[in-house]
Amino acid sequence: MAGKTLYDKLWESHLVREEDDGTCLLYIDRHLMHEVTSPQAFEGMRLAGRKPWRSASIVANPDHNTPTEHWGDADGGLKEPISRLQVETLDANIKEFGALVYFPFKHVNQGIIHVIGPEQGTTLPGMTVVCGDSHTSTHGAFGALAHGIGTSEVEHVLATQTLVAKRSKRMLVKVDGKLGAGVTAKDVALAIIGKIGTAGGTGHAIEFGGSAIRDLSMEGRMTLCNMAIEGGARAGLVAPDAKTVDYLKGRPHAPKGADWEKAVAYWDTLKTDAGAVFDSVIELDAASIEPQLTWGTSPEQVLPIGARVPNPAHEADPQKRAGIERALQYMGLAADTPLTEIKVDKVFIGSCTNSRIEDLRAAAVVAKGRQKAANVKRVLIVPGSGIVKRQAEAEGLDKVFTAAGFEWREPGCSMCLAMNADRLEPGERCASTSNRNFEGRQGPGGRTHLVSPAMAAAAAIAGHFVDIRQFQEARS
Amino acid sequence: MKAFTHIDGLVCPINRANVDTDAIIPKQFLKSIKRSGFGPYLFDEWRYADQGEPGMDCSQRPLRVDFVLNQPRYQGAEILLARDNFGCGSSREHAPWAIEDFGFHAIIAPSFADIFFSNCYKNGILPIVLPAATLDKLFAECEAQVGYRLNVDLASQKVTTPAGDSFDFDITPHRKHCLMNGLDEIGLTLEHADEIRAFEGRHQVAQPWLFA
Ligand code: SF4
């Protein structure tokens, strides 16, 4: 008999029932929440007079609207009344409905929900995890089946502890070999999206495997799974291993005592069996991946740093040509410009893709003893959580950043989507470690280039994009 | 949820691939804690020449006349024609809320992003997948013919053009049933509450740490 994929195992271990047409009810272990996609779900519950099925599955925290400065002000820096209302609505809803973990605005552990979940040990291998947020795919780094869902589904999970879903197809993305110096999980993620396209994973759950993936830290695996959704896949997965177990040991909500032993033994079974069949397999050679940079308005519009801005005249497909032309116009770029000649106005290092301690360390290595370029107006460093922030401060990273002329901020989503005051002005160009370069994502008219934390820090220092490999060599 | 059975409606074409949910409804409108009122801000950055903020009176705002939704011939459209990967990006259900509130009931595209696709069903919108070549034909006809309408029938799972060409589409029986009857999915699921409880009991025995 053919073996099972990790995805199949996770699915089957949560299957409550299945209709003839393949519609399944899937039991949900962990429900993450933030202030933007939950208010209408709680309101729906209230209107229908429903009670939550298991509020102890909920981990919540405001992150999208919260400011990253002026926390000491009377209003905590939360100036806009409608943002305040949304944050207060989450407070009130959690108070009424309950939660396992709730960090209100300005709590010492508050942060981006996808950073705090793993940090608290509330994301565990073998779980099903949902959140009204597409980057829930991040939690797949632990070998959990993690889906982003809409607000109606948030309400459905609140009321029934289940999700109505159909099996996805299974895709294996295999990256073997050793990554070169200066090449990070972010570059791997972007290279994969460049290869499969933003719709390449639609209808699929992607398992990432191969020696280069096993070599990644947990932080790197989170970066990779985080961007599975940018490749169209609702879920990304990495099989748990010793690194996963080490990361989780001793976390506040990780299993304890006899449960820990039992859990670790179970997690050890969570891997794709030999002989299991995937619907599609994509292979990349780690050594051939170079530092990546997006040039357009979709994450698939990505190139290695040594390349030039594409020329639409070389594209035969009229739809694609029009797409390139539109992106170049929006981005204010001329065809054939070397990517390293593109100047930046702002730099953002943060988001659920790249705001963990390892990301900040990588940026600090580049920034140490250097100065932000004069043409760069602002460099925001936004840690993913209070815990990341304190760790970075304990290591003196904040001092490295401020000495370089960077701003050290409070945790939150910040300029990843610019729902708070951190944003680009129309026409401004940003080197960003976030996950989406859509039109207007970082502020109306703003221009986003997605890169790794080291590449972002290097752009801040040089004032334009640089090949991090040459930049680091120049120093040593 | 509203039911969807059948519609014969004016068609509006959005002729670009990878239309993302940030474009469908920009982030500043996500600050609302309500479920309605998003229609005026649908495609806000493409539709208006100024910068949109929640609560603005859109009837006074300057329009970008070249954007399709602003062209007189598409006023009152109820069916959206789209290209590949429509609705990619964030999980925000505000995107289908805005589309529905604006007056669209069906979207036809060669492919949709997964989360957006399932969000549509929860809001009485029928997302229809047809082959890219069929979409090419529909786009061409729609652009050539002012007042172009399509007939969408869920019971027979058919899209029919004014010339009488008709195209079959797929939908799972579960989704079809829910959409045709405007059913509350939570109510349906709770009919299986005993099964959920039984599963939960077994799950807790197998993995007690999940319930600690
Ligand atoms: S950091 Fe960005 S992508 Fe991540 S949850 Fe926040 S807004 Fe979404």
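B:Q157 lies in the loop between β5 (149–153) and β6 (158–160) of chain B. Helices (H or I, at least four residues) and strands (E, at least two) are DSSP runs, numbered from the N terminus. The model is predicted: local features need pLDDT of at least 70, side-chain atom pairs count only at pLDDT 80 or more, and totals for chains, interfaces and linings use all residues. Residues are numbered from 1 along each chain as its sequence is written, chains are lettered from A and ligands numbered from 1 in the order in which they are written, and side-chain values use heavy atoms, with hydrogens and water left out.

**The hairpin around B:Q157**

Phi of B:Q157 is near 55°, which is a positive value in a residue other than glycine. B:Q157 has a relative accessible area of 18%, so B:Q157 is buried. Buried means under 20% relative accessible area, exposed means over 50%, and partly exposed is in between (1.4 Å probe, protein chains only). The hairpin of β5(B) and β6(B), to which this positive phi of B:Q157 belongs, has 4 residues between the strands.

Two strands pair if DSSP finds at least two bridges between them. Strands of a sheet pair through backbone hydrogen bonds, either parallel or antiparallel. β5(B) and β6(B) run antiparallel and are joined by 3 bridges; B:D153 has B:K158 in β6(B) as its bridge partner. β5(B) also runs antiparallel to strand β1 (residues 6–13) of chain B, with 5 bridges joining the two. Here B:L10 has B:R149 in β5(B) as its bridge partner.

**Chain B as a whole**

Chain B contains 8 helices and 7 strands. Its C-alpha trace spans about 65 × 45 × 25 Å along its principal axes. Of its 212 residues, 58% count as buried. Chain B is divided into domain 1 (6–172) and domain 2 (182–212), with bounds that come from an automatic or database domain assignment. Between the C-alpha centres of these two domains of chain B there are 35 Å.

Strand β3 (residues 106–109) of chain B is covered on both faces: B:A106 and B:I108 on one side, and B:I107 and B:A109 on the other, are all buried. Strand β2 (residues 79–81) of chain B pairs with β3(B) in the parallel sense over 3 bridges, and B:I79 stands opposite B:A106 in β3(B).

Helix α5 (residues 132–144) of chain B holds B:L138. B:L138 counts as buried because its relative accessibility is 0%. From B:L138 to B:F169 the separation is 31 residues in sequence and 15 Å in space, C-alpha to C-alpha.

**Chain A: strands and loops**

In chain A, 5 strands form an open sheet in the order β17-β16-β15-β18-β19, and the pairing is parallel. β17 (407–408) and β19 (447–450) of chain A stand at the edges with a single partner strand each, so one side of each is left without a neighbour in the sheet. Strand β18 (residues 429–432) of chain A pairs with β19(A) in the parallel sense over 4 bridges, and A:C430 has A:T448 in β19(A) as its bridge partner.

Strand β1 (residues 15–18) and strand β2 (residues 23–27) of chain A pair in the antiparallel sense over 3 bridges. A:E18 has A:C24 in β2(A) as its bridge partner. The hairpin of β1(A) and β2(A) has 4 residues between the strands, and A:G22 in this hairpin takes a positive phi near 90°.

A:H70 is not a glycine, although it has a positive phi of about 60°. The C-alpha atoms of A:L100 and A:V59 are separated by 5.8 Å, with their positions 41 residues apart along the chain. The table gives the places of A:H70 and A:L100.

| Residue | Loop in chain A | Relative accessible area |
|---|---|---|
| A:H70 | between β4 (58–60) and α3 (81–97) | 43%, partly exposed |
| A:L100 | between α3 and β5 (101–102) | 29%, partly exposed |

**The ligand**

The ligand sits in the largest cavity. On a 1 Å grid over the protein atoms alone, a cavity is a set of points where a 1.4 Å probe fits but cannot get out. A molecule sits in a cavity if more than half of its atoms lie within 2 Å of its grid points.

Which residues surround the ligand? They are A:H64, A:H114, A:D133, A:H135, A:S351, A:C352, A:C413, A:C416, A:L417, A:N435 and A:R441. A residue is near a molecule if one of its heavy atoms lies within 4 Å of it. The shell around the ligand divides into 4 nonpolar, 5 polar and 2 charged residues. Ala, Val, Leu, Ile, Met, Phe, Trp, Tyr, Cys and Pro count as nonpolar, Asp, Glu, Lys and Arg as charged, and the others, Gly among them, as polar.

How values were computed:
1 Å grid on protein atoms, 1.4 Å probe; cavity = no way out; pocket = protein on both sides within 12 Å on 5 of 7 lines; lining within 4 Å.
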